Amino acid sequence: MSGQTRTVRLPIAERVLEANDEIAAGVRVELARRSIFAIDLIGAPGSGKTALLETTLRALSGRRRPAVLVGDLATRRDGDRLARWCDRVIQISTGEGCHLEAGQVRLALGQVDLEGVDLLFIENVGNLICPVGFDLGQTAKVGLFSLTEGDDKAAKHPYLVTAADLLLLNKIDLAPYLSFDRAAFEADVHLLNPHVPILEVSATTGAGLEAWLAWLDRGVARARGASAT
Ligand SMILES: Nc1nc2c(ncn2[C@@H]2O[C@H](COP(=O)(O)OP(=O)(O)OP(=O)(O)O)[C@@H](O)[C@H]2O)c(=O)[nH]1
Ligand SMILES: [Mg+2]
Ligand SMILES: [Zn+2]
C-alpha cells in the first residue's frame with residue numbers, strides 16, 4: 001500500500017456570468033468617470049479584512065475620501081465597525097449568498113454620496129472561492145491571506161492568487177507563535193502569479209501598513225491620471 005493520496009479532478013460547472021459582467025462593466029465605467037480607485041477585498045472568514053480596513057481608514061483619515069461597501073450574509077457588525085472610521089459605509093446583506101454580485105454593488109453605490117470620493121473598498125463576503133469569479137467593476141482585486149490559516153492556502157486557492165493584483169499576508173504579528181512557512185507560501189504564490197506583490201501586514205499592530213498605503217496612493221494617482229486622459 002502506498003501512502004500517497006489520490007486526487008480526483010471534477011469538471012468545474014460552467015457558470016452563467018454574462019449578466020453580472022454586463023452590470024460590472026457599467027459600474028466600472030461610472031467609477032472611472034469619477035476617478036475612483038476601487039478595490040475588491042477577498043479573503044477567508046476571519047482573515048482580518050474588516051480589521052485591516054479599520055486600520056487603513058484610521059490611517060487615511062484627512063488624507064483620502066474613502067467609501068466602503070461590506071458584504072455579509074447576516075448582521076451589520078462589520079458595517080458598524082467600519083462606520084466608526086468612515087461616514088460613507090454601506091452594509092450589503094446577501095442572505096444566503098456567499099459572494100457579492102455586481103448588481104448589489106450598483107445598488108449600494110446608489111445609496112452613497114460619491115462626490116469627491118477617491119477610494120472605494122469593497123469587503124467581499126468571507127470566502128476564498130466564488131467571489132473570485134464575480135466581477136464587481138473594481139479596479140483591482142486584493143487577496144488577503146493570514147498566518148492563522150496555514151501556509152498552504154495560496155496553493156489550494158489558485159484562482160484567487162491568479163486573479164489578484166496584490167496579495168496581503170495579514171496577522172504577521174503572530175509569526176512567533178505559528179509554524180507558517182513564509183518562503184513556501186511565497187513560492188506557491190509566485191508559481192501561480194509570478195509578478196503579484198505580497199505585502200506582509202498586521203491589522204492589529206499596524207506593521208507593514210506603509211507599503212499598503214503607498215500601493216493605495218499609486219492606485220488613486222493612476223485612477224486620476226486615467227480619467228484625465
Ligand atoms: N493578532 C492579530 N489578529 C488579527 C489581525 N487582523 C485581524 N485579527 C483578528 O482576527 C479576527 C477576525 O478579524 P475580522 O477583521 O473580523 O476578519 P474578517 O476577515 O473581516 O472576517 P469576516 O468578515 O467574518 O469574513 C478578529 O478577532 C481580529 O481582531 C492581525 O493582524 N493580528
Ligand atoms: Mg469582515
Ligand atoms: Zn458564492
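Student: Which residues come nearest to ligand 1, and what makes a residue near?

Tutor: A residue is near if its C-beta atom, placed from the backbone, lies within 6 Å of the molecule. Around ligand 1 there are 17 residues, with G48, K49, T50, A51 and G126 coming nearest. This is a predicted model, where local features need pLDDT of at least 70, side-chain atom pairs count only at pLDDT 80 or more, and totals for chains, interfaces and linings use all residues. Residues are numbered from 1 along each chain as its sequence is written, while chains are lettered from A and ligands numbered from 1 in the order in which they are written.

Student: Which helix gives the largest share of that shell?

Tutor: Helix α2 (residues 49-60) does, with three residues; helices are DSSP runs of H or I, at least four residues, and strands are E runs of at least two, numbered from the N terminus.

Student: How do you know how confident the predictor is in the chain?

Tutor: We read pLDDT, its confidence in each residue from 0 to 100. The chain has a mean of 94, and 93% of its residues reach 70 or more.

Student: Is the crossing of α1 and α4 left-handed or right-handed, and why is it called that?

Tutor: The crossing is left-handed, because the near helix is turned anticlockwise from the far one by less than a right angle; clockwise would be right-handed. Helix α1 (residues 18-33) and helix α4 (residues 102-109) pack at about 35 degrees, their axes 8 Å apart (lines fitted to C-alpha atoms over the stretch in contact, with angles from 0 to 180 degrees between N-to-C directions).

Student: Which residues make the contact?

Tutor: From α1 they are N20, I23, A24, G26 and V27, and from α4 A102, G103, V105, R106 and L109 (contact means C-beta atoms, placed from the backbone, within 7 Å).

Student: What makes β3 and β7 edge strands?

Tutor: Strands pair if DSSP finds at least two bridges between them, and β3 (89-93) and β7 (198-200) each pair on one side only. The open sheet of seven strands runs β3-β2-β4-β1-β5-β6-β7, with parallel pairing.

Student: How do you know that β1 and β4 pair?

Tutor: Five bridges join β1 (residues 37-43) to β4 (residues 119-123), and at least two are needed, so they pair.

Conventions:
Two residues are in contact if their C-beta atoms, placed from the backbone, lie within 7 Å.
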